[in-house]
Amino acid sequence: MAVNIERNEGVATVTLNRPEALNAFDVAQLERLLATLRELRDDRAVRCVIVTGAGEKAFAAGADIKEMAELSPQAGLAHGRLGHAVADALEGLPQPTIAAVNGYAFGGGCELALACDLRLAAANAQFAQPEVTLGIPPGWGATQRLPRLVGPGVAAELIFTGRRVAADEALRLGLVNAIHPARLLPEATALARRIAANSPTALRAAKRALSRAFAGDPAVGLATELALFGQAFGTEDQREGMRAFIEKRPAVFSGE
Ligand code: CAA
């Protein structure tokens with residue numbers, strides 16, 4: 001279990017590396033990623049950052065459901081706060097960021113891809129916010145970042161159904177910038193190098209300005225999401241939804 005980082009010609013490639021759980025994030029993995037992002041933030045030699053997942057199957061299959069299954073509302077809130085810190089750190093990196101999505105990007109995995117500036121997809125990339133199937137709302141930024149990318153109607157449909165979006169649909173929806181069927185990481189690296197060849201100060205300024213493109217205070221929306229995510233851990237539906245996943249059976253929700 002690790003977060004690997006490789007630096008080459010101004011490009012840092014961060015690899016989420018927990019393949020035995022499809023790169024799902026347990027707390028230790030989240031803390032490692034947060035430390036890695038803080039290190040990159042202060043590294044002036046890094047001009048563009050790629051985030052990808054180890055293995056062929058997954059970018060990241062979300063937050064670790066086994067770890068979350070028995071959380072109290074307070075612990076759920078603390079868990080959500082850590083996920084928010086990671087997504088905010090990723091979004092707030094001064095360098096441009098590219099998510100190279102090589103398989104499942106579900107729940108928190110999709111939310112971290114959403115916190116990047118650009119997203120590139122492999123042919124097998126799949127995106128989903130399946131939290132409602134687990135008895136919780138999304139908790140690491142999707143309610144705010146997904147509508148900004150695909151519009152409020154599409155975001156509502158994806159969040160309310162939890163359905164999976166394949167690479168070609170993701171491209172149509174504007175969820176990804178491009179699909180690279182055979183050579184995802186080389187193509188992501190080539191794009192990152194092209195970006196990294198530009199003025200670092202201009203890139204940082206452009207990124208800061210882009211972050212102001214949407215009116216309203218995103219911090220208010222994120223705070224609302226976080227509070228509701230924490231509260232969900234006081235419901236029967238959260239217990240049932242997560243137990244059902246672990247026991248590999250369909251969930252039966254009571255609405256309590
Ligand atoms: N948490 C914990 N373990 C996970 C996991 C997750 N999110 N996703 C996969 N795993 C584990 C599986 O339990 C399995 O472990 P075991 O071998 O010990 O049973 C291993 O990874 C391999 O997974 P599968 O056997 O399920 O692989 P698959 O190819 O049949 O299915 C999948 C892949 C469709 C991604 C399926 O694993 C899946 O649905 N995972 C859960 C995805 C999900 O719901 N993510 C959202 C989590 S909630 C969240 O992220 C909240 C938030 O907003 C932050």
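These are my notebook entries on a predicted model with a bound ligand.

**Entry 1: the ligand shell**

I started with the ligand and asked which residues sit closest to it. The shell counts 27 residues, and Lys57, Ala63, Ile65, Gly108 and Glu131 are the closest. Sorted by class, I get 15 nonpolar, 4 polar and 8 charged residues around the ligand.

Next I wanted to know which elements supply the shell. Helix α2 (65-68), strand β6 (104-106) and helix α4 (108-114) each give at least two residues. The largest share comes from α2, with 3 residues.

**Entry 2: polar atoms at the ligand**

I then went through the N and O atoms. The side chain of Lys57 puts an N or O atom 2.7 Å from a ligand oxygen. Glu111 also uses its side chain: one of its N or O atoms is 2.9 Å from an oxygen atom of the ligand. With Ile65 the backbone is involved, as one of its N or O atoms lies 2.9 Å from a ligand nitrogen. On its own the ligand would expose 980 Å², and the protein buries 76% of that.

**Entry 3: the sheet that includes β6**

Since β6 turned up in the shell, I looked up its sheet. What is the strand order there? I read β4-β6-β8-β9, an open sheet of 4 strands with mixed pairing. The edges are β4 (58-60) and β9 (165-166), each of them pairing on one side only.

Inside that sheet, β6 runs parallel to β8 (residues 126-128), and 3 bridges join them. For Phe106 I noted Ala128 in β8 as the bridge partner.

**Entry 4: around β7**

I moved on to β7 (residues 118-121) and checked what its two faces look like. Both are covered: Leu118 and Leu120 are buried on one side, and Arg119 and Ala121 are buried on the other. I flagged Arg119 for myself, a charged residue by class that is buried here.

Which strands pair with β7? Strand β5 (residues 97-101) does so in the parallel sense, over 4 bridges. Strand β10 (residues 178-179) is also parallel to β7, over 2 bridges. For individual bridges I wrote down Ala99 with Arg119 in β7, and Ala121 with Ile179 in β10.

**Entry 5: Ile50**

Ile50 belongs to strand β3 (residues 48-53). Is Ile50 buried or exposed? Its relative accessibility is 0%, so I file Ile50 as buried, the cut-off being under 20%.

I listed what Ile50 touches, skipping residues up to four places away in sequence. The list holds Val11, Ala12, Thr13 and Val14, then Ile98 and Ala100, and finally Leu185, Ala188, Thr189 and Ala192. Ile98 and Ala100 fall within the residue range of β5, the strand I had just seen beside β7.

I also checked Ile50 against Glu6: they are 44 residues apart in sequence, and their C-alpha atoms are 9.8 Å apart in space.

**Entry 6: Thr13**

One of the residues touching Ile50 is Thr13, so I looked there last, citing its burial first: Thr13 counts as buried because its relative accessibility is 14%. Thr13 is part of strand β2 (residues 11-17).

What does Thr13 contact, beyond its neighbours within four places in sequence? I found Asn4, Ile5, Glu6, Ile50 and Thr52. Glu6, which I had paired with Ile50 for the distance check, is thus one of the contacts of Thr13.

Terms used
Residues are numbered from 1 along each chain as its sequence is written. This is a predicted model: local features need pLDDT of at least 70, side-chain atom pairs count only at pLDDT 80 or more; totals for chains, interfaces and linings use all residues. Side-chain values use heavy atoms; hydrogens and water are left out. A residue is near a molecule or strand if one of its heavy atoms lies within 4 Å of it. A polar contact is a pair of N or O atoms within 3.5 Å; within protein, one must be able to donate a hydrogen and the other to accept it, and residues adjacent in sequence count only if both atoms are side-chain atoms. Accessible areas come from the Shrake-Rupley method with a 1.4 Å probe; for residues, only the protein chains shown count as cover. Buried means under 20% relative accessible area, exposed over 50%, partly exposed in between (1.4 Å probe, protein chains only). Contact means heavy atoms within 4.5 Å. Two strands pair if DSSP finds at least two bridges between them.
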